[in-house]
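This report describes the architecture and the charged contacts of the structure shown below.

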Amino acid sequence: MIVERVELRLIRMRLKEPFETSFGRELDREAILVTVYADGLEGWGEVVASRDFGYSYETTETAWYVLRAFLIPAVLGREIPNVETVARIGEPLRGHPMARAGLEAAFWDLFARQAGLSLSQYLGGVRDRVPVGVSIGLQPTDEALIEKIRGYLEEGYQRIKVKIKPGRDVGMIAAVRRAFPEIPLMADANSAYTLEDADRLSALDEFQLMMIEQPLHWDDLYEHGLLQARLRTPICLDESIHTVRHARAALEMGACRIINIKPGRVGGLLEAKRIHDLCHTRGVPVWCGGMLETGIGRAANVALASLPGFTLPGDLSASDRYYYEDLIDPPFVLNPDGTLTVPKGPGLGVAVDRRKVDRVTLRLEVFRKG
Ligand code: OSB
Ligand code: MG
């Protein structure tokens with residue numbers, strides 16, 4: 001297909017409640033929406049970088065720059081035969097995965113639409129519903145956290161993920177376990193610990209957590225291997241897995257037993273699928289992580305999570321868990337069995353509500369060929 005036009009929109013959406021992790025607190029979600037127009041079709045992608053550093057070195061400003069200066073000029077007016085071509089265009093950047101993933105996502109939407117398939121079908125998905133959990137930010141008190149958990153369990157979420165950091169870990173998890181002895185529970189540290197905290201982390205072994213996500217440095221594999229050897233609880237890596245090569249190294253080093261796959265973190269759905277395929281071949285469970293996406297990014301994640309190896313519930317909650325009003329119609333709603341339904345329509349399979357998009361747009365730039 002020939003790319004006729006690309007639009008970037010910087011958006012800001014108020015979160016229903018602040019989301020606090022070991023690296024910071026978000027009240028509003030900023031993101032970039034990418035729209036690619038080609039062959040009479042349009043494709044949408046979401047860049048999951050935030051306004052501030054924290055989870056990643058990428059921000060909405062670095063991603064905007066990378067898209068405007070490098071990625072968009074490389075696709076505008078050009079014949080793009082497939083998503084592999086888009087992925088290859090981004091490779092020389094040696095980084096900026098969120099910027100690349102947002103553009104690639106718009107092309108996945110376009111190519112699936114052109115083929116008359118849903119993104120799930122186009123990717124090779126096998127599920128029409130995906131099991132989902134909820135990721136709960138740090139709360140002021142254990143009691144507040146327990147009340148939040150109770151609410152989400154009543155709504156039907158299949159597993160609960162809580163954020164931990166030094167001082168908000170063993171005691172807090174013990175309190176949660178006392179309140180809910182049986183629920184599928186896991187903890188995400190977002191790199192808040194060092195190997196010196198190994199004893200503290202192994203004290204979590206007694207609470208039957210499904211996994212501990214990213215306890216150590218955001219770029220580390222080696223020390224996670226040393227830590228995993230001292231823990232019974234499986235380690236799941238998030239921040240440290242940037243490519244399929246990192247995933248292979250991590251598994252061979254014993255740095256983790258589970259991998260959280262986020263397309264934005266690994267440069268796109270193509271690399272996400274490669275990591276899935278590697279783990280699936282090896283019998284390593286994976287699940288789809290989240291970045292507080294709007295419905296546009298969420299639809300792509302839900303399609304990804306329909307692949308056969310996504311056996312664990314993802315951080316793919318319903319639209320109303322994050323936002324008062326999502327950008328898509330209909331929004332994602334939680335099914336009574338704790339799943340989200342995989343959209344069946346062509347491409348992302350959700351309709352972008354342009355009026356709602358306009359209302360949250362802070363900046364628009366249009367790029368045309370020639
Ligand atoms: O570490 O998984 C994470 C949100 C923003 C940045 C990093 C993370 C998260 C979440 C939320 O845990 C997952 C979601 O979108 O529900
Ligand atoms: Mg995480």
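Is Glu-17 buried, partly exposed or exposed? The model is a predicted one. In this model Glu-17 has a relative accessibility of 27%, and therefore counts as partly exposed, since the partly exposed class lies between the buried limit of under 20% and the exposed limit of over 50%.

**Domains**

The domain assignment divides the chain into domain 1, made up of residues 3-116 + 351-368, and domain 2, which covers residues 121-341. Between the C-alpha centres of domain 1 and domain 2 the distance is 23 Å. To the contact between them, domain 1 contributes 37 residues and domain 2 contributes 41 residues.

**The parallel sheet**

Seven strands form an open sheet in the order 5-6-7-8-9-10-11, and their pairing is parallel. The edges are occupied by strand 5 (134-136) and strand 11 (286-288); each has a single partner strand, so one side of each has no neighbour in the sheet. Within the sheet, strand 7 (residues 185-188) pairs with strand 8 (residues 212-213) in the parallel sense, over two bridges. Asp-188 has Glu-213 of strand 8 as its bridge partner.

**Salt bridges**

The structure contains 27 salt bridges. Three of them are set out in the table.

| Acidic residue | Basic residue | Closest N and O atoms |
|---|---|---|
| Glu-17 | Lys-148 | 3.6 Å |
| Glu-20 | Arg-25 | 3.2 Å |
| Asp-188 | Lys-163 | 2.8 Å |

Glu-17 and Lys-148 form a salt bridge that links distant parts of the chain: Glu-17 belongs to strand 1 (residues 3-21) and Lys-148 to helix 5 (residues 142-155), with 131 residues separating them. Lys-148 is partly exposed, because its relative accessibility is 26%. For the salt bridge of Glu-20 with Arg-25, the accessibility classes are as follows. Glu-20 is partly exposed, its relative accessible area being 21%, whereas Arg-25 is exposed at 54%.

The salt bridge between Lys-163 and Asp-188 connects two strands of the sheet described above. Lys-163 is placed in strand 6 (residues 160-163) and Asp-188 in strand 7, so this pair ties together parts that are 25 residues apart in sequence. Both Lys-163 and Asp-188 are buried. They also belong to one network, in which salt bridges with shared partners join Arg-159, Lys-161, Lys-163, Asp-188, Glu-213 and Asp-315. Asp-188 and Glu-213 are thus members of this network as well as bridge partners in the sheet.

**The environment of Glu-46**

Which contacts does the side chain of Glu-46 make, given that this residue is buried yet has no salt bridge? Glu-46 is located in strand 3 (residues 41-47). The nearest side chain of opposite charge is that of Arg-29, at 5.6 Å; a salt bridge requires the nitrogen and carboxyl oxygen to lie within 4 Å, so this pair does not qualify. The side chain of Glu-46 instead has polar partners. A polar contact of 2.5 Å joins it to the side chain of Thr-294, and the side chain of Glu-46 also reaches the backbone nitrogen of Gly-297 at 2.8 Å. Beyond four places in sequence, the residues touched by Glu-46 are Ala-31, Ile-32, Leu-33, Gly-102, Glu-293, Thr-294, Ile-296 and Gly-297. Thr-294 and Gly-297 therefore appear both in this contact list and among the polar partners of Glu-46.

Notes. Residues numbered from 1 in each chain as written. Chains lettered and ligands numbered in written order. Predicted model: local features only at pLDDT ≥ 70, side-chain atom pairs only at ≥ 80, totals over all residues. Heavy atoms only, no water. Helix = DSSP H or I, 4+ residues; strand = E, 2+ residues; numbered from the N terminus. Buried < 20%, exposed > 50% of the residue type's maximum accessible area, 1.4 Å probe, protein only. Lys, Arg positive; Asp, Glu negative; His and termini not counted. Polar contact = N/O pair within 3.5 Å; in protein donor to acceptor, adjacent residues only side chain to side chain. Contact = heavy atoms within 4.5 Å. Pairing = 2+ DSSP bridges. Domains from an automatic or database assignment.
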